[in-house]
Structure formats: C-alpha cells, structure tokens
Amino acid sequence: MSLDEVISLYFIAFIAGIISFISPCIIPMITVYFTTITGLSIEELKNIKDKKIKLNVISSTFAFILAFTIVFTIAGGTAGWIASLFKNYLYLLNIIGGIFVILFGLNLLGVININFKSINLPENKIFGIKTGTFKAFLIGLFFAFACSHCIGPILYSILIYAGSTGSAASGMLIMFIFSIGLAVPYILVGLFMDKILFGLTKISKYMRTISNILGTIMIIFGILLLTDRYSYIVGILNKIIPYKLPFGM
C-alpha cells in the first residue's frame with residue numbers, strides 16, 4: 001500500500017469516527033451516556049450553569065473518550081499485526097475484508113439484517129462508584145468492549161481497513177485517528193450540552209436517511225477494498241486535500 005493510500009485511510013478514519021456518532025444507535029442513547037458517565041439527570045444536563053458541574057461533565061467526557069481510544073487503538077494495532085503475519089496473502093485478506101464491509105453496508109441499508117448483540121450500559125452505580133472521572137473511564141472501557149455494536153458496521157469496517165495496511169503501527173494510528181473523530185462530537189456535546197441536546201432530537205428524525213447514505217458509502221468502499229482500488233480514493237482525496245500530511249506508513 002502506497003503512502004498516499006495510507007494517508008487517505010487516515011482521513012477516511014477521522015471522518016468515519018465523526019459519522020459514527022450520528023449512527024441510529026448513538027443519537028437516541030446520547031442522553032443515557034451522559035447521565036451515566038456524569039451521574040447527573042437530563043434536566044441538570046440541559047440547564048448547566050454551575051462551573052463546577054460543567055467541569056465535572058467535561059472531565060468525565062474526556063475520561064470516557066480516553067478509555068475507548070485506548071481500546072480501539074490497541075485493536076487497530078492488533079489487526080495490523082495479525083495482517084502482517086500474512087503479508088503474502090494480503091490480497092486475500094482484502095477480498096474477505098471487502099466482502100464484510102459490503103455486508104455491513106447492506107445491513108445499514110436494511111437489505112440484510114445482521115444482529116449486533118445489544119448490551120445496555122451499566123446502572124448509574126458501577127463497581128460501587130457513583131460518580132467521577134474513574135467511573136467515566138470504566139464506562140468508556142465498557143462502551144468499547146460491549147457497546148461498540150452501536151457503531152459496529154463503521155467501526156468494524158475501519159478496523160478491517162486498519163488490518164489491510166499490514167502494519168501494527170499504521171493500524172494503531174488509523175484507529176487512533178478514528179477515535180479522535182468519534183471524540184470530537186462527544187467533546188462538543190460535553191461543552192455545549194444545553195444547546196446541542198435539543199438539536200440531536202431533530203436529527204433523530206432523519207436516522208433512516210442517514211443510514212441509507214452511510215450504507216451506500218460503505219458498499220462503495222467495500223468494493224474498492226475488494227478490488228484493491230485504493231487509487232480511486234487517493235485521487236478523490238487529493239482534490240479535496242491539496243497537501244500531504246507529515247506522516248505515513
């Protein structure tokens with residue numbers, strides 16, 4: 001895989017992270033996530049005036065983000081490392097990976113039904129801890145391991161792309177950038193909770209349309225991975241981003 005192709009994957013991973021936030025599962029659950037990691041009620045979150053409470057929300061949000069970033073980054077490194085053991089068969093792994101990405105896309109379109117096991121967030125009290133950044137960190141780990149089905153199609157597709165690099169370092173970087181992309185909306189919600197919560201309820205009305213768009217994009221990327229046509233992605237992104245990032249594979 002060329003340097004341009006790897007850089008393109010970095011960009012795709014970041015955008016995919018942001019898009020994951022508006023998945024049909026995350027948006028309806030966002031108030032549940034924040035009430036769980038902060039220990040505050042929905043009404044308290046909507047009317048945050050006290051600076052101490054605001055700081056609690058922000059610190060808890062960052063702890064939550066740190067936890068899932070660690071897990072996803074390690075997962076990316078593992079995928080790249082495993083793929084590096086089969087470098088002579090990367091073309092075969094790309095075919096298998098492309099097929100799975102296409103299936104995930106069809107799942108979002110509603111053509112097929114892949115049941116991602118639903119696991120709820122733990123109750124407000126976890127391991128005897130009611131509030132605090134440590135509790136938020138633990139819930140972030142729980143989200144990464146057990147609740148990632150919410151963003152499963154996109155997450156697993158990017159993970160497959162991370163493995164396709166055949167490098168543990170590149171795999172880790174791709175999933176780290178994906179996590180940063182996913183973190184951006186969480187940070188914005190944490191900072192402007194009172195304003196954004198009202199807007200999120202409006203977005204939820206368009207979940208079917210959003211799923212169809214994401215599904216179509218994933219099928220296209222699945223085909224590109226399946227046919228080893230990364231150059232098409234590079235060509236498109238070179239027009240969008242007229243400069244090179246200072247790092248690569």
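The following paragraphs describe the helices of a predicted model, the packing between them and the surroundings of selected residues.

In this predicted model, local features require pLDDT of at least 70 and side-chain atom pairs count only at pLDDT 80 or more, whereas totals for chains, interfaces and linings use all residues. Residues are numbered from 1 along each chain as its sequence is written, and side-chain values use heavy atoms, with hydrogens and water left out.

The protein chain contains 11 helices and 0 strands, where helices (H or I, at least four residues) and strands (E, at least two) are DSSP runs numbered from the N terminus. Read from the N terminus on, the order of elements is accordingly α-α-α-α-α-α-α-α-α-α-α. Of the 249 residues of the protein chain, 46% count as buried, a term that denotes under 20% relative accessible area, with exposed meaning over 50% and partly exposed the range in between (1.4 Å probe, protein chains only). Among contacts (heavy atoms within 4.5 Å) that join residues at least 6 apart in sequence, 80% link residues at least 24 apart.

Helices H5 and H10 were examined individually. For H10 (residues 207–226), a rise of 1.5 Å a residue over 20 residues gives an expected span of 28 Å, and the end C-alpha atoms are 28 Å apart, which agrees; the expected span is taken as 1.5 Å times one less than the number of residues. The buried residues of H10 include Met207, Ile210, Leu214, Met218, Ile219 and Leu225, and the helix is followed by Asp228, whose phi is positive, near 55°. H5 (residues 90–109) likewise has 20 residues, for which 1.5 Å a residue predicts a span of 28 Å, in agreement with the 28 Å between its end C-alpha atoms. Among the buried residues of H5 are Leu90, Asn94, Gly97, Gly98, Val101, Ile102 and Phe104, and just after this helix Gly110 takes a positive phi of about 85°.

Two packed helices are described by the angle between their axes and the distance between the axes. Here axes are lines fitted to C-alpha atoms, for helices over the stretch in contact, and angles run from 0 to 180 degrees between N-to-C directions. H5 and H10 pack at an angle of about 165°, with their axes 7 Å apart. That angle makes H5 roughly antiparallel to H10, given that angles under 35 degrees count as roughly parallel, over 145 as roughly antiparallel, 65 to 115 as roughly perpendicular and the rest as oblique. The crossing of H5 and H10 is left-handed, meaning that the near helix is turned anticlockwise from the far one by less than a right angle, a clockwise turn being right-handed. By class, this contact has 15 nonpolar, 9 polar and 1 charged residues, where Ala, Val, Leu, Ile, Met, Phe, Trp, Tyr, Cys and Pro count as nonpolar, Asp, Glu, Lys and Arg as charged, and the others, Gly among them, as polar.

H10 also packs with H7 (residues 152–164), at an angle of about 20° and with the axes 11 Å apart, an arrangement that makes H7 roughly parallel to H10. Their crossing is left-handed, and Pro153, Ile154, Ser157, Ile160, Tyr161 and Ser164 in H7 meet Leu214, Met218, Phe221, Gly222 and Leu225 in H10. The residues of this contact divide into 8 nonpolar, 3 polar and no charged.

H7 in turn packs with H4 (residues 51–84), at an angle of about 45° and with the axes 7 Å apart, which makes H4 oblique to H7. H4 passes H7 in a right-handed crossing, in which Phe72, Ala75, Gly76, Ala79, Gly80 and Ala83 of H4 meet Leu155, Leu159, Ala162 and Gly163 of H7. These contact residues comprise 7 nonpolar, 3 polar and no charged.

Three individual positions were also considered. Ser20, located in helix H1 (residues 3–20), counts as buried at 0% relative accessibility; leaving aside residues up to four places away in sequence, Ser20 touches Ile26, Ile151, Ile154, Phe178 and Leu182. Ala168 is found in helix H8 (residues 168–191) and, at 28% relative accessibility, counts as partly exposed. With the exclusion of residues up to four places away in sequence, Ala168 touches Gly76, Gly77, Gly80 and Trp81, while its C-alpha atom lies 6.3 Å from that of Thr78, a residue 90 places apart from Ala168 in sequence. Lys87, in the loop between H4 and H5, is exposed, with a relative accessible area of 54%; Lys87 and Thr165 are 78 residues apart in sequence and 9.5 Å apart in space, C-alpha to C-alpha.
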